[in-house]
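Work through the exercises below with the model open. Try each task before reading its solution.

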Amino acid sequence: MRIGIEAQRIFRSNKHGMDYVVLQEILQLQQIDHENEYFVFVKPGPDRCVTSSDNVHVVELNMPSYPLWEQVALPRAARKAGVELLHCTSNTAPIWCDIPLVLTLHDIIFLEPRDKQNKSLYQNMGWLYRRLVVPRILHKCRRIITVSNFEKDNIIKKLGIAKERMAMIYNGYNEWFRPLNQKGQVHDSGKNQATCPIDSERPIFFLGNTDPKKNTERTLVAYSKYLVRSEVKRPLLMADLDKEYLNGIISRNHIENIREKIVMPGYIKNKDLPAIYNNAFAFLYTSLRESFGIPLLEAMACGTPVITSNTSSMPEVGGEKAILINPENADEIADMLIRLETDETFYQQQKEWGLERASLFSWRNTAQALLQLYEDVFSEIVK
């Protein structure tokens, strides 16, 4: 097979969820499959995290915008490469493309009611682009992959897609997410090393941002309630959040008591996350809605207790013994933080459960399932 994989954004420095998924899929396929030929289509960038090998060819395509790259440059380059199957990995695909398509549709949040308070131009433009493109490509896709049974059922129900055209393949997590050794060091992919001192005031960790589904405002209200009740009063470590946005939340909710306890280092690179998870007392993953939730697995794999939501895919990923709270109830979030802080037996049970649960997931499993899907689709094409 000559397989094309759309990986437009993996060379950018500040990667996000979908970028990491396709990157790990490519790296694993490069290890396990030496029979098929792959063409990985990317946009030029500073982080050259994939290199060509005997049967994997990295093809750089330069276009000024995401839509032009995907709708013009990608199908043109795929045809030139003689690709027989094109896998588009980030919810959208070229509308005019005569190559058989496989689409990873991570979620259909773009079809759900939109929070009018979202002021992010980037997020709003992405939402509009998906609403325009996805309905026009679904009927062309030989398979539509999604990342949880929750999302699979949701897509079938809301879009009326036949079950036989849907596939569910779980995400994984990187192997360097694991408990630290005694020196507080953890290796990432065997090349670089992230270090973090184990301090006495271990923080609560929260990956909040301005996307309404991340539930940042309500989580900060919960943290304020925790500070009132806690004897320890741990700091809250937050990544990649705008200070003006934070100030607005503090002002609206009259929670000035959190201001001096919040640590915001900015964007955190993936290779630095294992040390941060390990040093965290607990991880808050209190989203309103997730199609999978890779950070949930990453924290569990590091032995960090996780408080997560009882909605969408999070109970499926977290498993039967996970701490599940109503993400719309700030008191429930605060209650669980206090319980972890005061009940040592419960705390240790959550550490052990997380390590056990995370061991069921891996990027190798993801890649093997993806390769089998390619083979199944290709056999249908050549009949």
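Two strands pair if DSSP finds at least two bridges between them. Helices (H or I, at least four residues) and strands (E, at least two) are DSSP runs, numbered from the N terminus. This is a predicted model: local features need pLDDT of at least 70, side-chain atom pairs count only at pLDDT 80 or more, and totals for chains, interfaces and linings use all residues. Residues are numbered from 1 along each chain as its sequence is written, and side-chain values use heavy atoms, without hydrogens and water.

**Exercise 1. Strand 6 and its partners**

Task: Which residue in strand 7 is the bridge partner of isoleucine 144? Place strand 6 among its pairings.

Solution:
- Start with strand 7, residues 166-168. It pairs with strand 6 in the parallel sense, over 3 bridges.
- Within strand 7, methionine 166 is the bridge partner of isoleucine 144.
- Now take strand 5, residues 101-104. Strand 5 and strand 6 also pair in the parallel sense, over 4 bridges.
- Here threonine 104 stands opposite isoleucine 145 of strand 6.
- Finally, check cover. Buried means under 20% relative accessible area, exposed over 50%, partly exposed in between (1.4 Å probe, protein chains only). In strand 6 (residues 141-146), 5 of the 6 residues are buried.

**Exercise 2. Two residues around strand 6**

Task: Is lysine 140 buried or partly exposed? Do the same for isoleucine 156: buried or exposed?

Solution:
- Locate lysine 140. The loop between helix 3 (121-137) and strand 6 holds it.
- Its relative accessibility is 29%, so lysine 140 counts as partly exposed.
- List its contacts (heavy atoms within 4.5 Å). Not counting residues up to four places away in sequence, lysine 140 touches Ile95, Trp96 and Leu101.
- Move to isoleucine 156, which sits in helix 4 (residues 149-159).
- Isoleucine 156 has 16% relative accessibility and therefore counts as buried.
- Leaving aside neighbours within four places in sequence, isoleucine 156 contacts Ile161, Lys163 and Met166. Met166 is also the bridge partner of isoleucine 144.

**Exercise 3. The six-stranded sheet**

Task: What is the order of the open sheet of 6 strands? Which strands lie at its edges?

Solution:
- Read the order: 12-11-10-13-14-15, with parallel pairing.
- The edges are strand 12 (262-263) and strand 15 (323-325); each pairs on one side only.
- Look inside the order. Strand 10 (residues 204-206) runs parallel to strand 11 (residues 236-238), and 3 bridges join them.
- In this pairing, phenylalanine 206 stands opposite methionine 238 of strand 11.

**Exercise 4. An enclosed helix**

Task: How many residues of helix 8 are buried? What follows the helix?

Solution:
- Helix 8 spans residues 294-301. Since 8 of its 8 residues are buried, it is largely enclosed by the rest of the structure.
- Among these buried residues are Pro295, Glu298 and Met300.
- After helix 8 comes glycine 303, with a positive phi near 80 degrees.

**Exercise 5. The whole chain**

Task: How does the radius of gyration of the protein chain agree with that of a compact globule?

Solution:
- Use the rule: 2.2 Å times the number of residues to the power 0.38, with the radius taken over C-alpha atoms.
- For 383 residues, a compact globule would come near 21 Å. The protein chain has 21 Å, so the two agree.
- Count the elements: 12 helices and 15 strands.
- Add burial: 54% of the 383 residues count as buried.
- Last, take contacts between residues at least 6 apart in sequence: 65% join residues at least 24 apart.
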